[in-house]
Amino acid sequence: MRIAVTGSIATDHLMTFPGRFADQLVADQLHTVSLSFLVDNLDVRRGGVAANIAFGMGQLGTRPILVGAAGFDFDEYRAWLERHGVDTDSVRISDTLHTARFVCTTDSDHNQIGSFYTGAMSEARLIELKTVADRVGGLDLVSIGADDPEAMLRHTEECRSRGIRFAADFSQQIARMDGEEIRILLEGATYLFSNEYEKGLIETKTGWTDEEILARVGHRVTTLGARGVRIERAGEETVEVACPDEERKADPTGVGDAFRAGFLSGLAWGVSLERAAQVGCMLATLVIETVGTQEYQLRRGHFMERFTKAYGDDAATEVREHLG
């Protein structure tokens with residue numbers, strides 16, 4: 001199964017604030033916020049939603065096709081991704097712009113404040129999926145993640161016109177999109193990804209109820225934080241999967257991307273939705289235990305030991321035969 005992962009490719013600058021953001025906010029002065037946080041740590045990491053997802057899929061052995069735009073400074077990042085099983089030949093390289101950059105501060109309650117510089121990502125709108133499909137011999141699924149908004153619209157429309165199944169995954173871009181854009185992006189999606197907050201925002205912005213959205217997509221996949229994930233399909237029983245126990249909680253950045261990487265890998269293997277979600281939750285747990293979105297190590301024996309403990313022998317036997 002050939003899966004293309006579209007979306008941002010970025011460098012993450014991750015900082016930690018030892019206090020609580022909530023303690024610094026004055027309720028009647030929120031319209032004139034002017035704050036500066038003295039942080040304890042700075043980690044510069046590789047990131048971007050598409051690159052994070054593709055990295056996780058590469059770790060699981062499914063050889064994803066990364067589709068996005070990066071800057072002239074991408075060579076080292078490209079080598080890293082290729083070394084971890086990612087096809088980067090469909091990444092567009094800008095001649096003039098830097099790779100996008102995400103700057104994020106996390107407080108002691110794991111709340112986050114972030115900013116994103118688009119840079120070369122703005123050129124993703126120039127990428128045509130047909131060129132990608134022709135190069136690899138066809139595409140079975142395209143994951144359309146947070147990216148240049150025009151690129152997201154173009155990829156979605158091209159998938160519909162060419163009959164390619166796609167997954168809608170707005171994540172960080174949902175805040176800047178209006179209801180009409182969201183309606184266009186989710187209509188006909190095989191999978192619609194969001195977290196609980198984004199789920200409510202999608203319904204508010206589109207004006208559609210949960211039932212109306214379910215009638216327009218194949219599956220609605222909602223991540224529930226520490227409670228796992230819920231997968232819904234109109235007229236069918238809901239699938240709910242819990243998360244494995246965490247060994248520690250280091251940094252939540254990239255946890256949702258890791259879930260998607262595991263879930264999409266499960267789809268590539270042809271396992272059930274429940275198994276795919278379990279793989280996603282296990283990978284997400286590894287990421288929350290690590291600072292940085294691509295700094296975790298997937299050791300097959302360790303992964304399967306924890307997966308078996310969380311989901312049982314039958315689930316482990318089914319997944320083990322696919323795990324690269």
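# Cores, strands and salt bridges in a predicted model

Modeller: In this predicted model, the largest nonpolar core has 53 residues, and Leu81, Phe259, Phe263, Leu283, Phe303 and Phe307 touch the most other members. Helix α9 (residues 273–288) gives the largest share of this core, 9 residues.

Biologist: What is Phe263 in contact with, leaving aside its neighbours within four places in sequence?

Modeller: Phe263 is in contact with Tyr191, Phe193, Val221, Ile231, Leu273, Ala276, Ala277 and Gly280. Apart from the largest core lies another one, of 32 residues, including Val132, Ile144, Ala168 and Leu186.

Biologist: Why is Thr6 called buried?

Modeller: Buried means under 20% relative accessible area. Thr6 has 1% relative accessibility, so Thr6 counts as buried. Thr6 is found in strand β1 (residues 3–6). Not counting neighbours within four places in sequence, its contacts include Ala50, Val67, Leu129, Val142 and His155.

Biologist: Why is Leu25 called partly exposed?

Modeller: The partly exposed class lies between the cut-offs of 20% and 50%. Leu25 has 43% relative accessibility, so Leu25 counts as partly exposed. Leu25 lies in the loop between β2 (10–16) and β3 (41–47). Together with Leu30, Val33 and Leu35, Leu25 forms a nonpolar patch on the surface, with about 350 Å² of accessible area.

Biologist: How do you know that strand β11 is mostly covered?

Modeller: In β11 (residues 219–223), 5 of its 5 residues are buried. His219, Val221 and Thr223 lie on one side and Arg220 and Thr222 on the other, and both faces are covered. In a regular strand the side chains alternate between the two faces of the sheet.

Biologist: What makes β10 and β11 a pair?

Modeller: Two strands pair if there are at least two bridges between them. Strand β10 (residues 191–195) and β11 have 5 bridges, in the parallel sense, so by that cut-off they pair. Phe193 stands opposite Val221 in β11.

Biologist: Which way do β11 and β12 run, parallel or antiparallel?

Modeller: β11 and strand β12 (residues 229–232) run antiparallel and are joined by 4 bridges. One of the bridge partners is Val229 in β12, for Thr223. The hairpin of β11 and β12 has 5 residues between the strands, and Gly225 takes a positive phi near 65 degrees there.

Biologist: Why is Gly228 called buried?

Modeller: The cut-off for buried is under 20%. Gly228 has 5% relative accessibility, so Gly228 counts as buried. Gly228 lies in the loop between β11 and β12. Not counting residues up to four places away in sequence, Gly228 touches Thr222, Thr223, Val241, Ala242, Cys243 and Cys281.

Biologist: Which strand pairs with β12 in the antiparallel sense over 3 bridges?

Modeller: That is strand β13 (residues 239–241). Arg230 stands opposite Glu240 in β13. Val229 and Ile231 point one way from β12, Arg230 and Glu232 the other way, and all are buried. The hairpin of β12 and β13 has 6 residues between the strands, and Gly235 in the turn has a positive phi of about 80 degrees.

Biologist: What makes Asp89 and Arg135 a salt bridge?

Modeller: A salt bridge needs a side-chain nitrogen of Lys or Arg within 4 Å of a carboxyl oxygen of Asp or Glu. For Asp89 and Arg135 the N to O distance is 3.8 Å, so the pair meets that cut-off. Asp89 lies in strand β5 (residues 87–93) and Arg135 in helix α3 (residues 129–136), so the pair ties together parts that are 46 residues apart in sequence. Asp89 is exposed, with a relative accessible area of 54%, while Arg135 is partly exposed, with 36%.

Biologist: How many salt bridges does a search of the whole structure find?

Modeller: The search finds 26 salt bridges. One of them joins Glu196 and Arg227, with the closest N and O atoms 2.5 Å apart. Glu196 is in helix α6 (residues 196–206) and Arg227 in the loop between β11 and β12, 31 residues apart.

Biologist: Why are Glu203 and Lys199 separated by about one helical turn?

Modeller: They are 4 residues apart in helix α6, which means about one helical turn. Their side chains meet in a salt bridge (2.8 Å, N to O). Salt bridges that share partners join Lys199, Glu203, Asp210 and Arg220 into one network. Lys199 has 13% relative accessibility, so Lys199 counts as buried.

Definitions and conventions. Residues are numbered from 1 along each chain as its sequence is written. This is a predicted model: local features need pLDDT of at least 70, side-chain atom pairs count only at pLDDT 80 or more; totals for chains, interfaces and linings use all residues. Side-chain values use heavy atoms; hydrogens and water are left out. A nonpolar core is a set of buried Ala, Val, Leu, Ile, Met, Phe, Trp, Tyr and Cys residues joined through side-chain atoms within 4.5 Å. Buried means under 20% relative accessible area, exposed over 50%, partly exposed in between (1.4 Å probe, protein chains only). Helices (H or I, at least four residues) and strands (E, at least two) are DSSP runs, numbered from the N terminus. Contact means heavy atoms within 4.5 Å. Patches are made of residues with over 30% relative accessible area and no salt bridge: like charges are joined within 9 Å, nonpolar side chains (Val, Leu, Ile, Met, Phe, Trp, Tyr) within 5 Å. Accessible areas come from the Shrake-Rupley method with a 1.4 Å probe; for residues, only the protein chains shown count as cover.
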